[in-house]
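Visitor: I am new to this structure. Please take one part and show me closely how it sits in the whole.

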Amino acid sequence: MNIAIDAHSIGTQAGGNETYFRQVIRSLAAASADNAYTLFYTQPAALKVVENDPRFGFVRIPGSPVPRIVFSLPGNLRRLKPDVFHCQYIQPPFTGVPTVLAIHDLAHENFPQFFNPAERVRLQRLVRWSARRADHIVTLSKFSAEDIAGRYDVPPEKISVTDLAASEDFRPRDKTASREKLARDYAIDSPFILYVGRLQARKNLPRLVEAYAQARKRGITEKLVLVGRKDFQFDQLLARIRSLGLESSVIFPGYVAGEDLPLFYNAAEIFVFPSFFEGFGLPVIESMASGLPTITSRGSSLEEVSGDAALLIDPSDTASIADAMERLLGDAELRRRLSERGLRQSARFKPSALGNQLLGVYQSLRQ
């Protein structure tokens, strides 16, 4: 087969969207199938995801959404005539080839207040339109599959759940060595609680810092490290930190490159991911795969992903988050049990599965 993939997000620090296509490409490269792949890219970083593999070719496209979606991708697809095209959230018009559409979640439908108004309207119109036009949809959890089918009136048989996993870089490492490197490279030299993800309203970070302030009053001394790229409504988070007098206790390392991110999980005391809504929640898998005791939210896909391996909180209840942090930091035996369960749960998600599942979807569109 000749397969074209829109990998424009790679190199853009786009969080889960970028990580998804990195894993797609690496898992396809690891598969033994003798296919040809064309990767449409915008940033040079995409050229390094898979190297010295003659099955992969690259075509540069514009970074700006309108010329990329409306003109460049349709034109390139007409020229190349692949057997299958794989894109994310928004399908270009006039593709002329069977299309696989990746939709990770419908956060813009379920929590529209957490999106820039222009972006919200764009997603609400175009994702629904794309979901109905696509030949097949792939998503990352049963929760998201049911949400897409119900909200967009898409036949369930048109949707496949494919497995995302933490890369093999996320594993237990020496805690002392990890802390020493963070002290040298990031000036983080105190025990800390970790969050990883976009710094946006949907992730419930203002409430997390409120819960952290409560837990500090009860005696916890760990810093709070929020790893990720600044996003919509980040200013509200900063304002809340200032109002609580936490400027010296909350640390923002910014976007952390993939080679250093595993060190943060291994250096931390616990991981907290109190998001309101997720289609998968890859940081939870990365945390568990690193052996880090994890706290996450009830609802959306996070219970499905974490199983019995995380301490669950009510994301709308500040006290619930504070109590969980205080309990976990104060109970070494609970941390040990969650670490062991997390390693088992994360091992259920295997990096090799994604490529094989996608190849099955691609092949089905040729029949």
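Guide: Here is a close look at helix 5, with the whole chain as its setting.

This is a predicted model: local features need pLDDT of at least 70, side-chain atom pairs count only at pLDDT 80 or more, and totals for chains, interfaces and linings use all residues. Residues are numbered from 1 along each chain as its sequence is written, and side-chain values use heavy atoms, with hydrogens and water left out.

The chain first. It has 14 helices and 13 strands. These are DSSP runs, numbered from the N terminus: helices are H or I with at least four residues, strands E with at least two. The C-alpha trace spans about 65 × 40 × 35 Å along its principal axes. Of the 367 residues, 54% are buried. Buried means under 20% relative accessible area, with a 1.4 Å probe and protein chains only. Take contacts between residues at least 6 apart in sequence: 67% join residues at least 24 apart. A contact means heavy atoms within 4.5 Å.

Now helix 5. It covers residues 142-152. Its buried residues are S144, A145, D147, I148, A149 and Y152. An α-helix has 3.6 residues a turn, so residues three or four places apart point the same way.

What lies over those buried residues? The cover includes two helices, helix 3 (107-110) and helix 4 (117-133). It also includes two strands, strand 6 (136-139) and strand 7 (159-161).

Then comes the end of the helix. D153 follows helix 5, and its phi is positive, near 55°.

Key
Buried means under 20% relative accessible area, exposed over 50%, partly exposed in between (1.4 Å probe, protein chains only).
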